[in-house]
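Me: I'd like a close look at one part of this model rather than a tour of everything. Could you pick a helix and walk me through its surroundings, start to finish?

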Amino acid sequence: MPSKYLFIASMDVDAANEALFHEVYDREHCPELGRVPGVGEIARFETQPFQVLIGGETRTVTPEGPRFHAMYEVESPEILTSAAWSEAVESGRWPEQVRPFTANRRHSLLRLIH
């Protein structure tokens, strides 16, 4: 992993606005943020229930929390407060046509330790 930090934006979206959410996230939001200096790879994920074998027992896990997650490799935490990030995160249709229909938003910053 070339970047030392991983920024994660997690959220839910109203079902009626889900198609627009994915379109804008994939075609506008991620490309804009990907042009910010210091931002590396960007990937999006959807939470899924799963089974895992732990201590000889298969456990079913139904995750709690937001359904959708975007993960951004960033060179440093300062990227997230830069003017370029601020401009990119407020561009396109995201702030007016998508963000108002998101909920349960959570943000995390992870530092690579190994």
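Reply: Let's come in from just upstream: Ala 16 sits in the loop that links S1 to H1, and H1 is the helix I'd pick. One caveat before going on: this is a predicted model. Ala 16 is exposed, because its relative accessibility is 76% and the cut-off for exposed is over 50%. In sequence Ala 16 and Phe 101 are 85 residues apart, yet their C-alpha atoms are separated by 9.1 Å.

Now step onto the helix itself. H1 covers residues 18-34, and Glu 18 belongs to it. Is Glu 18 buried or exposed? Its relative accessible area is 19%, and buried means under 20%, so Glu 18 counts as buried. If you leave out the neighbours within four places in sequence, Glu 18 is in contact with Val 13, Arg 67 and Phe 68. So Ala 16 is exposed in the loop, while Glu 18 in the helix is buried.

Which other residues of H1 are buried along with Glu 18? They are Phe 21, Val 24, Tyr 25, His 29, Cys 30 and Leu 33. As background, an α-helix has 3.6 residues a turn, so residues three or four places apart point the same way. What packs over these buried positions comes from many parts of the chain: the cover includes the strands S1 (5-13), S2 (39-46), S5 (68-74) and S6 (102-111), and also the helices H2 (83-89) and H3 (94-98).

Where does H1 bend? The bend is at Tyr 25, and it comes to about 45°. Tyr 25 also has a long contact list. Not counting residues up to four places away, Tyr 25 touches Ala 9, Met 11, Cys 30, Pro 31, Arg 44, Ala 70, Tyr 72 and Trp 94. Among those partners, Cys 30 is another buried residue of H1.

Tyr 25 leads straight to the core. The largest nonpolar core has 22 residues, and the members that touch the most other members are Phe 21, Tyr 25, Tyr 72, Trp 85 and Trp 94. At least two residues of this core come from each of S1, H1, S5, H2 and H3. In general terms, nonpolar side chains in soluble globular proteins tend to be buried together.

Follow one of those members, Trp 85, to see the helix from the other side of the contact list. Trp 85 is part of helix H2, and it counts as buried, because its relative accessibility is 8% and the cut-off is under 20%. Skipping residues up to four places away, Trp 85 touches Phe 7, Leu 33, Val 36, Val 39, Tyr 72, Ile 79 and Leu 80. Leu 33 is on the list of buried H1 residues, and Tyr 72 turns up among the contacts of Tyr 25 as well. For a sense of spread, Trp 85 and His 114 are 29 residues apart along the chain, and their C-alpha atoms are separated by 27 Å.

His 114 is worth a quick stop. It lies in the segment after S6 and is exposed at 89% relative accessibility. Lys 4 is 110 residues from His 114 in sequence but 9.7 Å away in space, C-alpha to C-alpha.

S6, which helps cover H1, has an oddity of its own. Asn 104 lies in that strand, and its phi is near 55°, a positive value in a residue other than glycine. Most residues other than glycine have a negative phi. Asn 104 is partly exposed, with a relative accessible area of 34%.

Finally, zoom out to put the helix in context. The chain has 3 helices and 6 strands, running β-α-β-β-β-β-α-α-β from the N terminus. Of its 114 residues, 32% are buried. Among contacts between residues at least 6 apart in sequence, 76% join residues at least 24 apart. The C-alpha trace spans about 50 × 40 × 20 Å along its principal axes. The chain exposes about 7300 Å², with carbon and sulfur atoms supplying 52% of that. For your charge model, there are 11 positive and 17 negative side chains, and the centres of the two sets lie 3 Å apart.

Key: Residues numbered from 1 in each chain as written. Predicted model: local features only at pLDDT ≥ 70, side-chain atom pairs only at ≥ 80, totals over all residues. Heavy atoms only, no water. Bend = angle between axes of the 7 residues up to and from the residue. Helix = DSSP H or I, 4+ residues; strand = E, 2+ residues; numbered from the N terminus. Buried < 20%, exposed > 50% of the residue type's maximum accessible area, 1.4 Å probe, protein only. Contact = heavy atoms within 4.5 Å. Core = buried A, V, L, I, M, F, W, Y, C linked by side-chain atoms within 4.5 Å. Areas by Shrake-Rupley, 256 points an atom, 1.4 Å probe, with all protein chains shown as cover. Lys, Arg positive; Asp, Glu negative; His and termini not counted. Charge placed at Lys NZ, Arg CZ, Asp CG, Glu CD.
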